[in-house]
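Good morning, and thank you for coming. I would like to guide you through one protein structure, beginning with a single residue and moving outward from there.

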Amino acid sequence: MSNKEKPEWLEELEKVPLTSRLRRKESLKRFNTWRVGGVAECLIDVVNAEDLSLLLPFISKHRISWFILGKGSNLFIPDTVWPGIILHLSGEFKSWVPIEENNSSTCKNRVTAGAALADVTFAQRCVAQGWGGMEFLIGIPGTIGGAVAMNAGAHGGETADFLQEAEWMDMEGNLHSSARQNLEFRYRYSDLMGNYGRIITSAVFELQQSDPETVKKKLLECQQFRMEKQPFNQPSCGSVFKNPPGDFAAHLIETSGLKGKIRGGAQISPIHANFIVNLGNASSTDILSLIDTVRETVFSKHSINLESEVQILQSSVYG
Ligand SMILES: Cc1cc2nc3c(=O)[nH]c(=O)nc-3n(C[C@H](O)[C@H](O)[C@H](O)COP(=O)(O)OP(=O)(O)OC[C@H]3O[C@@H](n4cnc5c(N)ncnc54)[C@H](O)[C@@H]3O)c2cc1C
């Protein structure tokens, strides 16, 4: 480092002609739904593909730690300082562009959605158009990029069921377009994760023509379900663990006697045992300690190794 405060790569980064805003020493608490975590050396609100295509090769060349963030609604951020760059898509990545179909007899509709578009906004726009299928997104507080990366789903549907193609950028800054059948999706998994050096920039979805009232009714049912069954008004990351085959993580945690357990400012929700909520002043360490307790206790009581659904801010997948 040329001086104690500023890494050398940051001096170089400031010379790259970007439209996007660079923030330094940014608290990450505001960038995740658990509202925890430390500070990032540098966070960039990337506003367009051109800037992204300059940033990714720069990151590779300088071997800088980096991470692509959506809304941080499935992310555990440690209390430590993140020494590198956090990429946060915004601006042009919030696009919504319906695709005009030449054949008007079709009852399918297609739309291209930017990776930074909020899932909730996507679901609301579908209602306005009377497009059915992805109403489940109303209860998922992430972005389209995060929904594709995690193959987010609920109420029997998942993102990959409606995806036609995804556009993504590699670490050399090249854009690719991959058809759904050439991508791998499983339960809360895809091979388009930032971890694999693939940054989703947009996705094309196909939805079923329906009438707005029917779509709205389904959407309200999804919302109602959340309000009844989940601690929707407390900071969390949703389900912490994946459901193991043939069982539910929440059931295993509950029958291990852990529901309601408090560690520091974090609690295993008394409403839904697979949620860990921030009671107001939780640290990441409190949350991690509960995660470890759940894993160990469920294993000792049920001989089942729970796998994390939540991702961790690091270059490899946690779990
Ligand atoms: C209250 C609550 C309820 C929830 N309910 C559900 C549910 O019902 N079903 C469900 O599936 N999930 C649920 N979740 C979890 C979460 O909302 C989803 O996994 C969501 O898709 C994550 O999106 P995100 O934009 O917040 O991604 P983040 O949490 O920011 O990131 C998650 C992962 O995706 C990667 N990623 C994000 N954007 C990109 C991109 N553009 N390119 C490449 N990789 C990227 C990140 O690097 C990270 O590894 C819930 C969360 C909360 C807080």
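Please look first at F205 in this predicted model. Leaving aside residues up to four places away in sequence, F205 touches N109, R110, V111, A113, F122, M134, I144, V148, T159, F162, L163 and Q164.

Let us now widen the view. F205 belongs to the largest nonpolar core, which has 61 residues. Within this core, the residues that touch the most other members are L13, L87, F122 and F205. Where does this core lie with respect to domain 1 and domain 2? Domain 1, residues 8-92, and domain 2, residues 95-229, both contribute residues to the core, so it lies between them. There is also a second, separate core of 23 residues, and among its members are F76, F241, L252 and A282.

I turn next to the sheet. As general background, the strands of a sheet pair through backbone hydrogen bonds, either parallel or antiparallel. Here, four strands form an open sheet with mixed pairing, in the order β1-β2-β5-β3. Which strands stand at the edges? They are β1, residues 21-27, and β3, residues 66-69. Each has a single partner strand, so one side of each is left without a neighbour in the sheet. From one strand to the next, the twist averages 30°.

Consider one pair in detail. Strand β2, residues 39-46, and strand β5, residues 82-89, run parallel and are joined by six bridges. D45, for instance, has H88 in β5 as its bridge partner.

Finally, helix α2, residues 49-62, lies across β2, β3 and β5. Helix α2 runs at about 160° to β5.

Notes
Residues numbered from 1 in each chain as written. Predicted model: local features only at pLDDT ≥ 70, side-chain atom pairs only at ≥ 80, totals over all residues. Heavy atoms only, no water. Core = buried A, V, L, I, M, F, W, Y, C linked by side-chain atoms within 4.5 Å. Buried < 20%, exposed > 50% of the residue type's maximum accessible area, 1.4 Å probe, protein only. Domains from an automatic or database assignment. Contact = heavy atoms within 4.5 Å. Pairing = 2+ DSSP bridges. Helix = DSSP H or I, 4+ residues; strand = E, 2+ residues; numbered from the N terminus. Axes fitted to C-alpha atoms, helices over the stretch in contact; angles between N-to-C directions.
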